[in-house]
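Please look over the structure shown below before reading the report that follows. The text takes up a few of its regions in turn.

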Amino acid sequence: MKNEPDDYSIDNLKKDKICDWYGIRNYQVRNMIRDEMKKNDLAFFYHSNCDEPGIYGLMKIYKESYPDHTAFDRKAKYYDPKSNRDEPRWFMVDVKYIRHLKRPISLNELKSHKKLNKMKVVQRGNRLSITKLTQNEWNFILKIE
DNA sequence: GCCAACGTTGGC
DNA sequence: GCCAACGTTGGC
């Protein structure tokens, strides 16, 4: 799960312990969090759009999807007039901090491992803020951290 | 700050 | 339903 650290980083999450992952405005990602994410699913916290993009931490889904209320707030950055409380268009989950990786694993390093070359996050032009990875990829990353 | 890649919008 | 124009993402 990507976020820009200038906006909200793994360090912020460590402090807060739990946060709501609001602001998703992409249908593919929405479907994934709404239909597939289950409580206690694990996720990496990925820092994007920063000096050293890469994986920084480990977290889990703490609360399954519920309507993203920032879409209802006229003054919010993520306001969407097409979403309303009766028929919410956007959803979010809450995540809970587990730990930092022992060391961050940069995008460059992810790209250098042959076993990870199918991972969405290393693929060119991928713009989804949340992507799936396989159990093997997950295990591999935890082995090299 | 540039720009490639992609998603979304809206006219037709 | 096509597709050009536009906006956004995110690496570099």
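## Surroundings of Asp68

Leaving aside residues up to four places away in sequence, Asp68 touches Tyr22, Gly23, Ile24, Arg25, Trp90, Phe91 and Met92, where contact means heavy atoms within 4.5 Å. This is a predicted model, in which local features need pLDDT of at least 70 and side-chain atom pairs count only at pLDDT 80 or more, while totals for chains, interfaces and linings use all residues. Residues are numbered from 1 along each chain as its sequence is written, chains are lettered from A and ligands numbered from 1 in the order in which they are written, and side-chain values use heavy atoms, with hydrogens and water left out.

Asp68 is placed in the loop between strand S4 (54–67) and strand S5 (91–106); helices (H or I, at least four residues) and strands (E, at least two) are DSSP runs, numbered from the N terminus. Asp68 counts as buried because its relative accessibility is 0%, the terms being buried for under 20% relative accessible area, exposed for over 50% and partly exposed in between (1.4 Å probe, protein chains only).

The table lists polar contacts, that is, pairs of N or O atoms within 3.5 Å; within protein, one must be able to donate a hydrogen and the other to accept it, and residues adjacent in sequence count only if both atoms are side-chain atoms.

| Side chain | Partner | Distance |
|---|---|---|
| Asp68 | backbone nitrogen of Gly23 | 2.8 Å |
| Asp68 | side chain of Thr70 | 2.6 Å |
| Gln28 | phosphate oxygen of DNA strand B | 3.4 Å |
| Arg124 | phosphate oxygen of DNA strand B | 2.3 Å |

## Surface near DNA strand B

Around DNA strand B lie Asn26, Tyr27, Gln28, Lys82, Arg124, Gly125 and Arg127, a residue being near if one of its heavy atoms lies within 4 Å of the strand. Of the atoms of DNA strand B within 4 Å of the protein, 73% are sugar or phosphate atoms, and the rest belong to bases.

## Helix H4 and Ser106

In helix H4 (residues 135–144), the buried residues are Glu137, Trp138, Phe140, Ile141 and Ile144. Seen down the axis of H4, these buried residues fall within an arc of 165°, so they line one face of the helix; the arc is that of the directions from the helix axis to the C-beta atoms. Exposed residues Gln135, Asn136 and Lys143 sit on the face of H4 turned away from its buried side, whereas the cover over the buried residues includes strand S3 (42–47), S4, S5 and helix H3 (107–112).

Ser106, which lies in strand S5, counts as buried because its relative accessibility is 16%.
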